[in-house]
Amino acid sequence: MTLEQTLPICIAGTWRLGGGERYATCYPATGEPMAWLNAASLDDVEAAVQGAHQAFLHSGWAQRKPHERATVLYRIAGLIRERAEELAQLQRQDNGKPIGETRALVASAAGTFQFFAAACETLEETITPSRGDFVSMSVYEPMGVVAAITPWNSPIASEAQKVAPALAGGNAVVIKPAEITPLLALQLARICEEAGLPKGLLSVLPGKGSVLGDALTRHPLVKRVSFTGGTRTGKHIAHIAADKMMPVSLELGGKSPTIVLDDADLDHAVAGVLYGIFSSSGEACIAGSRLFVARSLYEPFMARLTAAAAQLRVGDPADERTQMGPLISAAHRESVERYVALGLAEGGRLRLGGERPAGGVFDQGYFYPPTILEGLGNHQQVCQEEIFGPVLVAMPFDNEEALITQANDSLYALAAGIWSRDYKRAWALGRKLQAGTVWINTYKQFSISTPFGGWRDSGLGREKGRLGILQYMEQKSLYWGMNDQPLAWAGLETGQ
Ligand code: NAD
């Protein structure tokens, strides 16, 4: 790939230039263009969906036995692993995450394909307890064309989480990656093709979500949308889906509380809080962005946390030692800066950070340092809205009752963290927190075998888990009559 080339995109089994505007994806660490491509056009959306529909009907994918579909998914996992380093470097350039993180995301994508291959070939359909002269069964069918709409913060891992279960379920998929991070989804399509996925079954449409994602969601042949992104976009998609009576899953924003109880192991808590908010430069839906610390520990804990945060290595994402890379774009950094200014205007104080770093690489890319605000209440805007950057708001709490009220006082309910040595206390608190995921004495750890999703404005539906494949299948009940006699109601004489 050279910078001069315009990259083709994958539409209905052919690689060609998109019909939309030419644009560059830029390396956030330097702001320099790193690849040019043409966005997809609305005609491309039509071609991709029609192609996917035809492939769904005629390629035989939906009819293949589960273990045969699984074989292709295992191959995809293998090819991702073979190209792991190349993919990780590409993703580093596409969205500026440090190389250590992009390696982990690529490994997670391979693991996701492997997991759903296994889920596919071991999925059981059931014979249900019969209550009459029949055998009753519950089986699952593919849905047809699935749209996978993904954000920019974790490319390839986000796509894998949707594409793997959707393909495992026998469907065709059209991916709409974030406009600014299209490269990994395109590479994934190449890999799927090489692994033997039938042509047309997977398309990738880079470009503007408000145009392409919207058209895809509205398309009558699209039977399901799996969306990860902002809450406002998610609600828009939910409205369209309601009109079509179409199932959707929505993985949306968060404003997750992390709680340090007065009996916490402070080394573990400091490390976990740091990782929870500052890894991925805070550009994570599950970022632990609201910190509640028991008042008796507040000062000593904050002193340790601040000192450790000040030591985090912000810089070149290609450097193995870097812990925080740049933010995704100039516009996003400005939005983070506006939130910090708002926090100060609301009466907050800066405990750390709050100013762009300067000099060398910092003058080119969209860097922002670890930032800690305090002196604010949970009701304030910076505590209620998702900043999606390396900004932590720290608050002391006096008792658990008040803590629970505040921790749950958010439109979002994606995740939460608790740090305590007392497992019974942590258990009781964990059950009272309203969140899709609660981590106890750890944070931001994931397993593809464990369901993930949010409550309230953080989303609808669940991804991952063995049964994640069923999100992409329609359940069907089958009854097999076993009676030698016609149904009695008709009153027919038999044996004539
Ligand atoms: P976004 O909502 O702006 O975009 C997400 C995707 O939707 C992109 O592909 C975009 O092009 C597309 N899109 C935009 N408008 C659309 C429309 N009208 N119709 C259909 N598609 C449309 O979000 P973003 O800025 O790319 O990502 C950041 C957000 O994603 C944050 O809020 C973050 O919390 C959330 N997120 C959630 C999870 C989760 O699992 N809960 C994971 C990662 C990110």
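Start by selecting G417 and W439: W439, in strand 20, is the bridge partner of G417. Keep in mind as you click around that this is a predicted model.

Now widen the selection to strand 19 (residues 415–419) and strand 20, and you'll see two strands that pair in the parallel sense over 4 bridges. What holds strands together like this? Strands of a sheet pair through backbone hydrogen bonds, either parallel or antiparallel.

Next, bring up the whole sheet. It's an open one with 7 strands, in the order 15-16-17-14-13-19-20, and the pairing is mixed. Which strands sit at the edges? Go to strand 15 (349–352) and strand 20 (437–440), each of which pairs on one side only. Tilt your view a bit: neighbouring strands here are turned against each other by 25° on average, ignoring direction.

Add helix 10 (residues 298–310), which packs on this sheet. Helix 10 touches strand 13 (257–260), strand 14 (290–294), strand 15, strand 16 (371–374) and strand 17 (391–397). Compare directions, and you'll find about 60° between helix 10 and strand 15.

Time to look at the cores. Select I76, I80, F113 and V225, the residues that touch the most other members of the largest nonpolar core, which has 84 residues. Colour helix 4 (residues 99–122) too, as it gives the most to this core, with 10 residues.

Zoom in on I76. Leaving out residues up to four places away in sequence, I76 touches F113, L188, I191, C192 and A195.

For your last stop, pick F367, W419, W439 and Y443. They are among the 36 residues of another core, lying apart from the largest one.

Note on methods: Residues numbered from 1 in each chain as written. Predicted model: local features only at pLDDT ≥ 70, side-chain atom pairs only at ≥ 80, totals over all residues. Heavy atoms only, no water. Core = buried A, V, L, I, M, F, W, Y, C linked by side-chain atoms within 4.5 Å. Buried < 20%, exposed > 50% of the residue type's maximum accessible area, 1.4 Å probe, protein only. Contact = heavy atoms within 4.5 Å. Pairing = 2+ DSSP bridges. Axes fitted to C-alpha atoms, helices over the stretch in contact; angles between N-to-C directions.
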